[in-house]
Amino acid sequence: MLTLDKIYHAAFVLKKVARKTDLIKATKLSNQCELYLKTENLQETGSFKLRGAYYKISQLTDEEKSHGILACSAGNHAQGVAMAATQSGIRALICMPDGAPISKVEATKQLGAEVRLVKGAYDDAYATALELQEETGATFIHPFDDDQVIAGQGTIGLEILDELENPDAVVVPIGGGGLISGVAYAIKHLNPKVKVYGVQAAGAASMAKSQKAGNPITLDQADTFADGIAVKHPGDLTYQLVQDYVDEIVTVTEDEIATAILALLEKQKVIAEGAGAVSVAAVLFHKLPIQGKKVVCIVSGGNIDVNILNRVITRGLVTSGRNVNLTIALTDKPGQLQDVSEIVARCGGNVVSVHHDRADANMSITSCFLKLGLETRDQAQIDQIKRELTQAGFHLVTERV
């Protein structure tokens with residue numbers, strides 16, 4: 001069973017392995033609350049998962065170690081298990097979904113583990129890992145539904161209370177629920193007044209929907225680019241701990257997650273993966289009752305693939321009103337582009353791309369579509385540009401991302 005003593009013991013074991021990550025005051029991110037970031041993205045493996053994996057492996061018997069270690073992961077638990085197993089001289093095989101970011105797969109291999117890619121999502125990798133355990137007798141290290149793993153993650157709760165006096169709320173990402181279970185258990189036992197909020201991606205809200213249903217459920221699919229929390233079925237143990245100790249669970253959209261990643265990168269110089277940014281997204285988009293409160297967001301990981309990061313930045317720029325594409329129907333005659341450009345410049349926008357489309361079969365012979373890519377300050381500036389173009393007689397046909 002999970003106990004506070006077990007979490008304190010985990011903290012002792014992890015002293016030489018896990019970094020006591022900084023708690024950074026994030027004054028540039030929110031004016032609705034006093035916001036702090038618990039930067040677990042700065043762990044050696046790039047996420048909090050090292051804590052639970054290492055503590056679990058440290059408590060194995062010699063007999064359990066002799067059979068080798070088996071795990072399943074979308075990427076972060078894999079790296080934690082690989083590092084802990086290698087340092088302990090234990091062979092490790094880790095099943096990962098074939099859609100896992102290449103950077104996470106390669107990092108796991110570099111840390112000394114063998115990787116087997118499984119078609120599908122995390123839950124498919126989990127099913128394969130259980131089959132392999134039956135065949136090989138290896139010791140299975142569950143990524144979240146294990147009291148020792150949860151105790152390792154709970155050390156983050158101890159650190160938050162040690163680093164910050166009297167926080168009002170802690171906001172935690174949820175996938176399978178191991179992180180929030182440990183953090184909530186530690187915090188509620190030491191300071192029950194602190195609110196603990198969970199955040200899930202709307203397309204993979206297995207814990208939120210399980211809470212509403214009154215029992216753990218399995219989603220048909222986990223549809224989110226936040227691969228670290230793309231879990232279709234929460235843990236049975238974590239479900240009950242969340243039920244007992246978590247105050248509320250909210251969800252955030254893909255666009256909101258992208259915006260949070262961009263805000264963390266641009267305003268705080270912090271790189272977060274999708275799973276790590278959902279807590280900040282919940283604050284940025286006012287999903288929680290935290291006005292005027294002292295709030296800690298756990299940035300649970302920073303292992304984002306650079307190709308995904310590029311797409312996320314582009315999406316975040318669009319969502320936050322920093323980029324926009326406008327399509328304008330014009331009569332194809334001299335001076336039209338100049339008139340449009342003058343309006344955009346007067347409003348403070350910057351034209352980064354221009355394309356004339358004369359090939360659309362629905363247009364008259366003397367017409368064209370002018371497609372503009374603009375850099376803008378915010379949505380208010382976009383609205384101003386569109387309004388002034390319309391007032392000048394130009395017809396906005398569509399706006400596309």
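Q: Which residues does Leu264 touch, leaving out those up to four places away in sequence?
A: This is a predicted model, where local features need pLDDT of at least 70, side-chain atom pairs count only at pLDDT 80 or more, and totals for chains, interfaces and linings use all residues. Residues are numbered from 1 along each chain as its sequence is written, and side-chain values use heavy atoms, without hydrogens and water. With contact meaning heavy atoms within 4.5 Å, the residues touched by Leu264 are Leu29, Leu37, Lys269, Val270, Ala272, Ala277 and Val280.

Q: Which element gives the largest share of the largest nonpolar core?
A: A nonpolar core is a set of buried (under 20% relative accessible area, 1.4 Å probe, protein chains only) Ala, Val, Leu, Ile, Met, Phe, Trp, Tyr and Cys residues joined through side-chain atoms within 4.5 Å. The largest has 38 residues, and Leu264 is among the members that touch the most others, as are Leu29 and Val280. Elements giving two or more residues to this core include β2 (34-39), α11 (254-268) and α12 (274-284); helices (H or I, at least four residues) and strands (E, at least two) are DSSP runs numbered from the N terminus. The largest share, eight residues, comes from α12.

Q: How far from Lys232 is the nearest side chain of opposite charge?
A: Lys232 sits in the loop between α9 (206-213) and α10 (236-245). Lys232 is buried and has no salt bridge, which would take a side-chain nitrogen of Lys or Arg within 4 Å of a carboxyl oxygen of Asp or Glu. The nearest side chain of opposite charge (Lys and Arg positive, Asp and Glu negative, His and the chain ends not counted) is Asp124, at 4.2 Å.

Notes:
Buried < 20%, exposed > 50% of the residue type's maximum accessible area, 1.4 Å probe, protein only.
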